[in-house]
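Biologist: Let's go through this one together. I'd like to hear the reasoning behind each label, not just the label.

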Amino acid sequence: MRGSMFCGGDLRWWMLAIFFLCTLIAAAEERVVTHLPGFQGPLPFQLRTGYVEVDEDNGVRLFYYFTLSEGSSADDPVMLWLSGGPGCTSFTGLVYQIGPLSFDLDSYMGGLPKLVYRPESWTKVSNIIFLDSPVGAGFSYSVKEQGYNSSDTKAVSHILVFLKKVLSPCSSFNPMCIYILLLNINWNMLVTIITSISKDVEL
């Protein structure tokens, strides 16, 4: 069953997210984002976004936001953030929970909301990948309808393929230090991801 695209929050914020992300994202490759609508000046941190194909037969592509550590990206750990639901976008983690951005709700008077920098972001000490998983969550999609027939097993398999493709070419990161954060996702899935990484993934 296809997951819902977004969960929770004010509909206006999600509409804004769809608007500015769709204008910035290259459909099949990573892109470095330096400016965002609603944020004054260049971003004070490194943000990469893009798609990674994790199932060639069905054309399943997972979307991600990769915020590099504001400390030492080469020495700091890599953290994978997965939102719950299942089916919620990881955008919530980026702007509502541990990421370096937040909405300035106090000064909002209508129109384009203002984005502000969150100095207590976890990106001070880690590289964070906010992943829209499983397929159907956020901007992740499948070319073929059958690709949306997901399960915990398939979702974990897709995550492992994603990590291999994203981290393997990145010699500047230390893939031996990876933390997995799951919000409102069952513990069995967390154990499966960690076990699979330790046994099967050669990053």
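Biologist: What makes E70 and K124 a salt bridge?

Modeller: This is a predicted model, so keep that in mind throughout. The closest N and O atoms of E70 and K124 are 3.6 Å apart, and the cut-off is a Lys or Arg side-chain nitrogen within 4 Å of an Asp or Glu carboxyl oxygen. The pair therefore counts as a salt bridge.

Biologist: Which parts of the chain does that pair tie together?

Modeller: E70 is in the loop between β3 and β4, and K124 is in the loop between β6 (115–117) and β7, so the salt bridge ties together parts that are 54 residues apart in sequence.

Biologist: Why are E70 and K124 called partly exposed?

Modeller: Buried needs under 20% relative accessible area and exposed needs over 50%. E70 comes out at 26%, so it is partly exposed. K124 has 39%, so it is partly exposed too.

Biologist: How many salt bridges does the rule give in total?

Modeller: Two. R61 forms one with E53, with the closest N and O atoms 3.3 Å apart. That is within 4 Å, so it qualifies. R61 is partly exposed at 22% relative accessible area, and E53 is partly exposed at 23%.

Biologist: Now β7. Why is that strand described as largely enclosed by the rest of the structure?

Modeller: Five of the five residues of β7 (residues 127–131) are buried, so the strand is largely enclosed. Both faces are covered: N127, I129 and L131 are buried on one side, and I128 and F130 are buried on the other.

Biologist: What makes β3 and β4 pairing partners of β7?

Modeller: Pairing takes at least two bridges. Strand β3 (residues 60–67) has four bridges with β7, in the antiparallel sense, and strand β4 (residues 78–82) has five with β7, in the parallel sense. Each count meets the cut-off, so β3 and β4 both pair with β7.

Biologist: Which residues stand opposite I128?

Modeller: T67 stands opposite I128, and so does M79.

Biologist: Where does I180 sit, and how far is it from I128?

Modeller: I180 is in strand β9 (residues 178–182). I180 and I128 are 52 residues apart in sequence, with their C-alpha atoms 9.8 Å apart in space.

Biologist: Why is I180 called buried?

Modeller: Its relative accessible area is 15%, which is under 20%, so I180 counts as buried. Leaving aside neighbours within four places in sequence, I180 is in contact with L80, L190, I193, I194 and I197.

Biologist: What makes the rings of Y65 and F91 one of the eight aromatic pairs, and why is the pair called tilted?

Modeller: Their centres are 6.1 Å apart, within the 6.5 Å limit, so they pair. The planes are at 45°; stacked would be under 30 degrees and edge-to-face over 60, so this pair is tilted. Y65 lies in strand β3 and F91 in helix α2 (residues 91–97), so the pair ties together parts that are 26 residues apart in sequence. Both Y65 and F91 are buried.

Biologist: Which residues do ring pairs link into a cluster?

Modeller: Y51, F63, Y65, F91, F139 and Y141.

Biologist: How do you know that the span of helix α3 agrees with its residue count?

Modeller: At 1.5 Å a residue, the 16 residues of α3 (residues 152–167) should span 22 Å, and the end C-alpha atoms are 22 Å apart, so the two agree. The buried residues of α3 are A155, V156, H158, I159, L160, F162, L163, V166 and L167.

Biologist: Where is there a cis peptide bond?

Modeller: Between S133 and P134, with omega about 5°. P134 lies in the loop between β7 and β8 (141–142).

Biologist: What are the overall numbers for the chain?

Modeller: The protein chain has four helices and nine strands, and 50% of its 203 residues count as buried.

Biologist: What does the predictor's confidence look like?

Modeller: The mean pLDDT of the protein chain is 79, and 73% of its residues reach 70 or more. Residues 1–6 stay under 50, and the model has 21 contacts for them beyond four places in sequence.

Note on methods
Residues are numbered from 1 along each chain as its sequence is written. This is a predicted model: local features need pLDDT of at least 70, side-chain atom pairs count only at pLDDT 80 or more; totals for chains, interfaces and linings use all residues. Side-chain values use heavy atoms; hydrogens and water are left out. Buried means under 20% relative accessible area, exposed over 50%, partly exposed in between (1.4 Å probe, protein chains only). Helices (H or I, at least four residues) and strands (E, at least two) are DSSP runs, numbered from the N terminus. pLDDT is the predictor's confidence in each residue, from 0 to 100. Contact means heavy atoms within 4.5 Å. The expected span of a helix is 1.5 Å times one less than its number of residues. Rings of Phe, Tyr and Trp (its six-membered ring) pair if their centres lie within 6.5 Å; planes under 30 degrees apart count as stacked, over 60 as edge-to-face and the rest as tilted.
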